[in-house]
Amino acid sequence: MSISSIGNPLNPFAQTESQQKAPPLNLDGDLDLGGMITKGPDGDSEPNRHPNPPMTNGKYRTTPEPITTMPSGVPFIIGNEAAERFSYYGMRSILVVFMTKFLVDANGHPDPMSNAVANQWTHLFYAAVYWFPLLGSILADVFIGRYLTIMSLSVVYCLGHLALALNDTRAGLLVGLTLIAIGAGGIKPCVSANVGDQFGSTNKNLLTRVYIWFYFSINVGSAVAMYAIPAILYSPAIPKYFHMANAHLAFGLPGVLMLIATIVFWMGRKKYVHVPPTGRNFFPETFANNGFRALAGLLPVYVVISVWWSLYDQCSTTWVEQAEKMDLHFLGKTWTPPEIQIWNPIFVLAYVPLFSYVIYPVAGRFFTVTPLRKMSVGLFFTVVCYLVGAWVEKLIGAGQHPTMAWQVLAYAFLMASEIMVYATGLEFSYTQAPSNMKSMVMALYLATNSAGNLFTALVNHYIQNPDGKTVWLQGVPYYLFFSGLMFVASIAFIFIAMFYKGKSYLPDTKAVAA
C-alpha cells in the first residue's frame, strides 16, 4: 500500500496533492491498496534476490497464488493464533497467584514467593517474551524460514507448558517460563509476518481486513482464557488436592491448547506460501540501501508506540489498584478489581467489526484513511482515557467511592486506541519491511512493548521515597504525568507521519499452472 504522509500538523486529515491521488477506502471496508508503490522517492526499487522467483521449491509454494479471494491458508493461521493466545494468556492470568500461593520446594513443602519477588519474576518474563522475537526473526529470515521457525519453537513452547503443569517448584517455574519465553517470543514476528506472506498483488486489498480478524482471534483466545483458567485454579471441585491438582490442570489446559495450535498450523502447511530465508545476505541487505532506510524511517514511529505501551499495560497494574478504591457494584454484579480487566477483550471484540465495517468505511468517504492517520487518532484516545483516570483519582481524593463505570469508560477509550494503534501497526510494519527482513521488522515492532514496560518500571522506581514504602508521584499527578507524556508524543507523531517517506513491499504474484 502507498503510505502517504500527514500533510498538515494542525489538521492530520488534510490531504497533500499526492494523497488526493491515493485510492480511498472501498465500500467493503477494506483499504484500497492499489496505490502500492514499488519505487521510492529517489526512483530506486526493492532489490529482488530472485529475479525470476520460483513458484514452488519442489514441495511448497513460495509465492502467492494469482487470486482475488482470501488465501486458503489464512483460516489455519487464524485458528492457530486463537489457540496460541488462549495458551499464553491463560497461563499468564494465574502466574502471580501461582507464585504467591501454590509454589512448593523439592520436598513438597509450601514455598510461596512474596508479592515483590513474584512481580519481579513476572515482569522479567514479560520483557523476555517481547525481546526473543529478535532472535526468532533472525532464525527465520537468515536460516530456516518462517514456517520451520514457527513449528520448531512451538514445540519448545509446548514443553514450557508441560514443565509448569508437572513441576510446582521454583526450578520448574524457571524452566517452564524460560521455554515459554523462547517459544512465545520467537514465533511472534514469524506468525504475524506469515499472514502477510499469503497475499500478492491481486488480493492485497484484503490485507487490512485479515489483519483486523487476526487481531480479533487474539482477543477471542485471551478473553476465554482470562475467564476459564482462573476459575479452574480456584475451583473447589477437588478440595482434597486443591493445591496440586487444580494448579496442574490450570497450567495443563493452556498446554493442551498450544499443542492444538501447533497441530492446526501444521495441517495448513501445504496451503501456505513458504518464503525462503535470505541466508548470509541478510545482514548486508538489512544495513544497506532499502533495509537501512526502512529501519531508519520506522524508528521514530516505534519510539512513540513505546510510549503508548507504557500507558496501555498499566491497565493490569495501576488501574487494578485504582479499582480497589471504587464502588465495584455494576450491572447487577459485584466485581473484584482484577475482573474489570475482562472489559479489555470485550471492547476489542466489539470494536473489530465496528471499525472494520462502519467507522473506517464512513471515514473513507470524507478523507483518505491511512495507517498513520489511524494511529495518530488512536494515540489521542489514550490521552483521554488517562484524563478519565485522573478524574477518578480526584473523586477518590475527595473521599468518594466513584462507580467503576468510570473505569469502564476509560477502557472504552483505551481499547479504541488499541485497535487504531497496535492492530494497525501490525499491518503497517509488515508492509513497510523489505521482503528479506519482514520477521526482523515485526520483532522490532513487538520490542516496543518491552521498551514501554521498562520505561514504566523506571518511573515507578524513581518516584519512590527513601523509605521504600511511599511515593512522591501518585493519584491525580501520576495520571496527568502519563496523559501529558502521551499528548506530547501524539503531537510529535503528527510531524513524524508528515515527514515519513516509506514504501510498501508485498510478495510478487506470477501466474502458476494449476
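In which sense, left-handed or right-handed, does H2 pass H5? I opened the notebook with this point, working from a predicted model.

**Entry 1. Helices H2 and H5**

I looked up the crossing and found that H2 passes H5 in a left-handed manner. Two packed helices are described by the angle between their axes and the distance between the axes. I therefore recorded both values for this pair: the axes of helix H2 (residues 74–93) and helix H5 (residues 132–166) come within 12 Å, and they cross at roughly 35°.

I then listed the residues that meet. From H2 these are Glu84, Arg85, Ser87, Tyr88 and Met91, and from H5 they are Tyr157, His161 and Leu164. Sorted by class, the contact of H2 with H5 comprises four nonpolar, two polar and two charged residues.

**Entry 2. Met91**

I next followed Met91, which is one of the H2 residues that meet H5. Is Met91 buried or exposed? I noted a relative accessibility of 0% for Met91, so this residue counts as buried. Setting aside neighbours within four places in sequence, I found Met91 in contact with Phe125, His161, Leu164, Leu177, Ile180, Phe251 and Pro254. For Leu177 I also noted the C-alpha to C-alpha distance from Met91, which is 9.9 Å, with the two positions 86 residues apart in sequence.

**Entry 3. Tyr88 and Tyr126**

I returned to Tyr88, another H2 residue in the contact with H5. The charged end of Lys188 sits over the ring of Tyr88, at 5.5 Å from the ring centre.

Tyr88 is also touched by Tyr126, and Tyr126 touches Arg92 and Ser450 as well, residues up to four places away in sequence not being counted. I located Tyr126 in helix H4 (residues 115–129). Its relative accessibility is 18%; the limit for a buried residue is under 20%, so Tyr126 counts as buried. I also checked Tyr126 against Asn453: the two are 327 residues apart along the chain, and their C-alpha atoms are separated by 8.8 Å.

**Entry 4. Aromatic pairs**

How many aromatic pairs does the structure hold? I recorded 31 aromatic pairs and examined two of them.

For Phe98 and Phe251, I noted ring centres 4.8 Å apart and ring planes at 85°. Planes over 60 degrees apart count as edge-to-face, so the pair of Phe98 and Phe251 is edge-to-face. This pair links distant parts of the chain, since Phe98 is in helix H3 (residues 95–101) and Phe251 is in helix H8 (residues 242–267), 153 residues apart. Phe98 has 1% relative accessibility and counts as buried. Phe251 is buried too, with a relative accessible area of 1%, and I had already met Phe251 among the contacts of Met91.

For Tyr351 and Phe355, the ring centres are 5.6 Å apart and the planes stand at 75°, so I entered this pair as edge-to-face. Why are Tyr351 and Phe355 separated by about one helical turn? They are separated in this way because they lie four residues apart in helix H12 (residues 343–363). Both Tyr351 and Phe355 are buried.

I also noted one aromatic cluster, formed by Trp319, Tyr386, Tyr411, Tyr478, Tyr479, Phe481 and Phe482. A further charge over a ring was entered here: Arg269 lies over the face of Trp266, 3.8 Å from the ring centre.

**Entry 5. Asn194 and Leu331**

I looked up Asn194 and placed it in helix H6 (residues 170–197). Asn194 has a relative accessible area of 3% and is buried. Apart from neighbours within four places in sequence, I found Asn194 in contact with Ile77, Arg146, Ile150, Phe265 and Val273.

Where does Leu331 lie? I found Leu331 in the loop between strand S1 (329–330) and strand S2 (333–334). Leu331 is not a glycine, yet I noted a positive phi of about 60° for this residue. Its relative accessible area is 63%, so Leu331 is exposed.

**Entry 6. The protein as a whole**

I closed with the totals. The protein has 16 helices and two strands. Of its 514 residues, 54% are buried. Counting contacts between residues at least 6 apart in sequence, I noted that 80% join residues at least 24 apart.

Conventions:
Residues are numbered from 1 along each chain as its sequence is written. This is a predicted model: local features need pLDDT of at least 70, side-chain atom pairs count only at pLDDT 80 or more; totals for chains, interfaces and linings use all residues. Side-chain values use heavy atoms; hydrogens and water are left out. Rings of Phe, Tyr and Trp (its six-membered ring) pair if their centres lie within 6.5 Å; planes under 30 degrees apart count as stacked, over 60 as edge-to-face and the rest as tilted. Buried means under 20% relative accessible area, exposed over 50%, partly exposed in between (1.4 Å probe, protein chains only). A charge sits over a ring if NZ of Lys or CZ of Arg is within 6 Å of the ring centre and within 35 degrees of the ring normal. Axes are lines fitted to C-alpha atoms, for helices over the stretch in contact, and angles run from 0 to 180 degrees between N-to-C directions. A crossing is left-handed if the near helix is turned anticlockwise from the far one by less than a right angle, and right-handed if clockwise. Contact means heavy atoms within 4.5 Å. Ala, Val, Leu, Ile, Met, Phe, Trp, Tyr, Cys and Pro count as nonpolar, Asp, Glu, Lys and Arg as charged, and the others, Gly among them, as polar.
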